[in-house]
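Welcome to a short tour of one protein model. Have the viewer ready, and follow along as we go from the overall picture to single side chains.

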Amino acid sequence: MELSAGIQASLTGRYASALFDLASEAGSVSAVESDLDKLDAALRESGDLRALIRNPEITRSQIANVMAGLADHLALSPLTKNFLGVLANNRRVADLPGMIRAFAAIAAAQRGEVQAEVASAHPLSDTQLGELEGRLRAREGRTVKLKSRVDPDLLGGLVVTIGSKRIDSSIRTRLNSLAQAMKSA
């Protein structure tokens with residue numbers, strides 16, 4: 001599979017692929033995926049946690065203790081907890097966000113899905129998300145797993161990212177384009 005080959009070429013991809021293989025063998029891909037979603041949310045919500053995993057002055061044992069405590073706090077599965085321990089011992093915890101994205105991409109590809117992220121200035125309703133998902137499914141010809149986030153800087157409109165493709169209909173981009181056009185004229 002082309003996607004998996006591209007992902008596996010990177011260091012983060014090799015770790016994610018190894019975790020996916022272990023989760024597949026154990027029949028716990030969905031549990032690990034859920035665990036990684038929890039970790040991703042924790043990393044997005046806590047600037048302190050993001051800073052900690054990137055701090056080179058933290059020793060392996062200190063970061064291993066932090067990861068074990070985080071795994072217990074989030075009630076992560078034993079496989080995910082062990083994976084975090086390996087990352088701590090190999091001093092790769094800073095790469096965790098990339099590994100989470102790579103694991104999600106591998107899992108989605110195995111299910112025949114494509115992942116998409118939609119950023120909007122305001123939260124989208126379930127109806128709006130469902131409508132967008134349907135349109136993207138028709139465009140892509142396969143199931144689309146949609147993640148949404150709010151980015152107030154967009155002012156309005158949407159930015160949809162599917163793999164390496166980006167559909168930008170945000171007001172911020174339109175205003176920037178207009179400003180560039182006016183400078184050129």
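## A cut-off to start with

A residue is called buried when its relative accessible area is under 20%, exposed when that value is over 50%, and partly exposed in between. With that in hand, take Ile171: its relative accessible area is 36%, so this residue is partly exposed. Please keep in mind that the model is a predicted one.

## Overall picture

Let's step back to the whole chain. The protein chain contains nine helices and four strands. Reading from the N terminus, their order is α-α-α-α-α-α-α-β-α-β-β-β-α. The C-alpha trace spans about 60 × 40 × 30 Å along its principal axes.

Of the 185 residues in the protein chain, 37% are buried. Among contacts with a separation of 6 or more, 67% are between residues 24 or more positions apart. The accessible surface amounts to about 10,700 Å², and carbon and sulfur atoms supply 52% of that. As for charge, there are 23 positive and 21 negative charges, and the mean positions of the two sets are 4 Å apart.

## A nonpolar patch on the surface

Which residues make the nonpolar surface patch of about 490 Å²? They are Leu155, Ile171, Leu175, Leu178 and Met182. Ile171, our opening example, belongs to helix H9, which covers residues 171–184. A patch takes in residues with over 30% relative accessible area, and Ile171 has 36%.

## Salt bridges and a network

How many salt bridges does a search of the whole structure find? The answer is twelve. One of them pairs Lys145 with Glu33, with the closest N and O atoms 3.2 Å apart. Lys145 sits in strand S2 (residues 143–150) and Glu33 in helix H3 (residues 29–45), so this pair ties together parts that are 112 residues apart in sequence. Is each partner buried or exposed, or something in between? Glu33 is buried, at 9% relative accessible area, whereas Lys145 is partly exposed, at 28%.

Another bridge joins Glu113 and Arg111, whose closest N and O atoms are 3.1 Å apart. Here Glu113 is buried, with a relative accessible area of 17%, while Arg111 is partly exposed at 40%. Through shared partners, salt bridges link Glu33, Arg111, Glu113 and Lys145 into one network.

Arg92 and Asp95 form a salt bridge too, with an N to O distance of 3.9 Å. That value falls within the 4 Å cut-off for a salt bridge, which is why the pair counts. Arg92 is partly exposed, with a relative accessible area of 31%, and Asp95 is also partly exposed, with 24%.

## A buried leucine

Our last stop is Leu132, in helix H8 (residues 126–140). Its relative accessibility is 14%, so Leu132 counts as buried.

What does Leu132 touch, leaving aside residues up to four places away in sequence? The list is Val118, Leu146, Leu158 and Val160. Take the first-named partner: Val118 is 14 residues from Leu132 in sequence, and their C-alpha atoms are 9.2 Å apart in space. A contact is judged on heavy atoms within 4.5 Å, so a C-alpha distance of 9.2 Å does not rule one out.

Definitions and conventions: Residues numbered from 1 in each chain as written. Predicted model: local features only at pLDDT ≥ 70, side-chain atom pairs only at ≥ 80, totals over all residues. Heavy atoms only, no water. Helix = DSSP H or I, 4+ residues; strand = E, 2+ residues; numbered from the N terminus. Buried < 20%, exposed > 50% of the residue type's maximum accessible area, 1.4 Å probe, protein only. Areas by Shrake-Rupley, 256 points an atom, 1.4 Å probe, with all protein chains shown as cover. Lys, Arg positive; Asp, Glu negative; His and termini not counted. Charge placed at Lys NZ, Arg CZ, Asp CG, Glu CD. Patch = residues over 30% accessible without salt bridge, like charges linked within 9 Å, V, L, I, M, F, W, Y side chains within 5 Å. Salt bridge = Lys/Arg side-chain N within 4 Å of Asp/Glu carboxyl O.
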